[in-house]
Amino acid sequence: MLRSIKDTTATTMIAAIAKPEETMTSATELVEIYANEAGAVFQCDRRNRLLLYFAGTLNVLKVDTFLRLKQAVASIDLEQMVANPSRSSDYEIVSVCGCDRCFILSSTELHALRDLLAGAKFGLELNRLLHECLTPLEA
C-alpha cells in the first residue's frame, strides 16, 4: 500500500518542499499515502507536510490544512449539484485557509478529489492505528 517514490515527479515534489539552502542530493523520502486516477497524496516526514498532486498541480499542505480541505470537499452536496439544471451549479469553488490554491471543480473532478482525500485520510488513520498498536508501551 505504501511505497516510496523515486522519479521525476518526486524530484519536482522534493523541490517544492526543500528549503533554498538545502541541496537536492539529500535523500528526502516521499511516501505515497493514496493514489487514484486523478492524483495522489504523499507524505513528507522531514517537513511534516502532505503533498496533494491533483489535476496536474502540486499542493504542499500542513496536516490541519489537509483535514480542512477534506472537510470542505466532503460537505458539498454532490447529488444536489448534479440534479440542479442551472449553469451556476456546474462548478464548485473550494478554498481553505492555509492552501495557496483555489479549486474550481466540476462534479466529476469533485468526486475524484473527494475519493482521493478520503482514501488518504483512511491511509493516515490506518498508519496511526498500526503505529499505536505496534509501538511498545513505555512505563
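Here are some worked exercises on the predicted model shown above.

**Exercise 1. The overall layout**

Task: Find how many helices and strands the protein chain has, and in what order the elements run.

Solution: Begin with the count. The secondary structure of the protein chain comes to 4 helices and 7 strands. Next, walk along the chain from the N terminus, and the elements read β-α-β-β-β-β-α-α-β-β-α. Then turn to burial: of the 139 residues in the protein chain, 31% are buried. Finally, look at contacts between residues at least 6 apart in sequence; 53% of these join residues at least 24 apart.

**Exercise 2. Two hairpins**

Task: Work out how strand S2 is joined to strand S3, and then do the job again for S4 and S5.

Solution: Start with S2, which covers residues 30-36, and S3, which covers residues 39-44. These two strands run antiparallel and are joined by 6 bridges. For a landmark, pick Leu30, whose bridge partner in S3 is Cys44. The link from S2 to S3 is a hairpin of 2 residues.

Now move on to S4 (residues 49-54) and S5 (residues 57-61). This pair is antiparallel too, with 5 bridges. Here a handy landmark is Tyr53, which has Leu58 in S5 as its bridge partner. The hairpin of S4 and S5 has 2 residues between the strands.

**Exercise 3. Positive phi values**

Task: Say where Ala55 and Asn48 are found and how exposed each residue is.

Solution: Take Ala55 to begin with. Ala55 is found in the loop between S4 and S5, and its phi is near 55°, a positive value in a residue other than glycine. The relative accessibility of Ala55 is 47%, so this residue counts as partly exposed.

Then take Asn48, placed in the loop between S3 and S4. Its phi is likewise positive and near 55°, and Asn48 is not a glycine. With 54% relative accessibility, Asn48 passes the 50% cut-off and therefore counts as exposed.

While you are in the loop between S3 and S4, have a look at Asp45, which also lies there. Asp45 counts as exposed because its relative accessibility is 58%. Its C-alpha atom is 8.6 Å from that of Val31, a residue 14 places away along the chain.

**Exercise 4. A residue in strand S5**

Task: Decide whether Asn59 is buried or exposed, and list the residues that Asn59 contacts.

Solution: First place Asn59 in strand S5. Second, check its relative accessibility: the value is 8%, and buried means under 20%, so Asn59 counts as buried. Third, list its contacts, leaving aside neighbours within four places in sequence: Leu50, Leu51, Leu52, Arg101 and Phe103. Last, follow one of these contacts, Arg101. The C-alpha atoms of Asn59 and Arg101 are 7.5 Å apart, although 42 residues separate them along the chain.

**Exercise 5. A helix residue and a loop residue**

Task: Establish how exposed Thr65 and Cys97 are, and what each residue touches.

Solution: Thr65 lies in helix H2. Its relative accessible area is 2%, which means that Thr65 is buried. Not counting residues up to four places away in sequence, Thr65 touches Val96, Cys97, Gly98 and Cys99.

Cys97 lies in the loop between strand S6 (91-94) and strand S7 (103-106). At 64% relative accessibility, Cys97 counts as exposed. By the rule that leaves out residues up to four places away, Cys97 touches Thr65 and Arg68. The C-alpha atoms of Cys97 and Thr65 are separated by 7.0 Å, with their positions 32 residues apart along the chain.

**Exercise 6. Two helices that cross**

Task: Describe how helix H2 and helix H4 cross, and which residues make the contact.

Solution: H2 spans residues 63-74 and H4 spans residues 107-134. Their axes come within 10 Å and cross at roughly 135°. H2 and H4 are therefore oblique to each other. The crossing is left-handed.

From H2, the contact is made by Phe66, Leu67, Leu69, Lys70, Val73 and Ala74. From H4, the contributors are Leu110, Leu113, Arg114, Leu117, Ala118, Ala120, Lys121 and Leu124. Sort these residues by class and you get 11 nonpolar, no polar and 3 charged residues.

Terms used: Residues are numbered from 1 along each chain as its sequence is written. This is a predicted model: local features need pLDDT of at least 70, side-chain atom pairs count only at pLDDT 80 or more; totals for chains, interfaces and linings use all residues. Side-chain values use heavy atoms; hydrogens and water are left out. Two strands pair if DSSP finds at least two bridges between them. Axes are lines fitted to C-alpha atoms, for helices over the stretch in contact, and angles run from 0 to 180 degrees between N-to-C directions. Angles under 35 degrees count as roughly parallel, over 145 as roughly antiparallel, 65 to 115 as roughly perpendicular and the rest as oblique. A crossing is left-handed if the near helix is turned anticlockwise from the far one by less than a right angle, and right-handed if clockwise. Contact means heavy atoms within 4.5 Å. Ala, Val, Leu, Ile, Met, Phe, Trp, Tyr, Cys and Pro count as nonpolar, Asp, Glu, Lys and Arg as charged, and the others, Gly among them, as polar. Buried means under 20% relative accessible area, exposed over 50%, partly exposed in between (1.4 Å probe, protein chains only).
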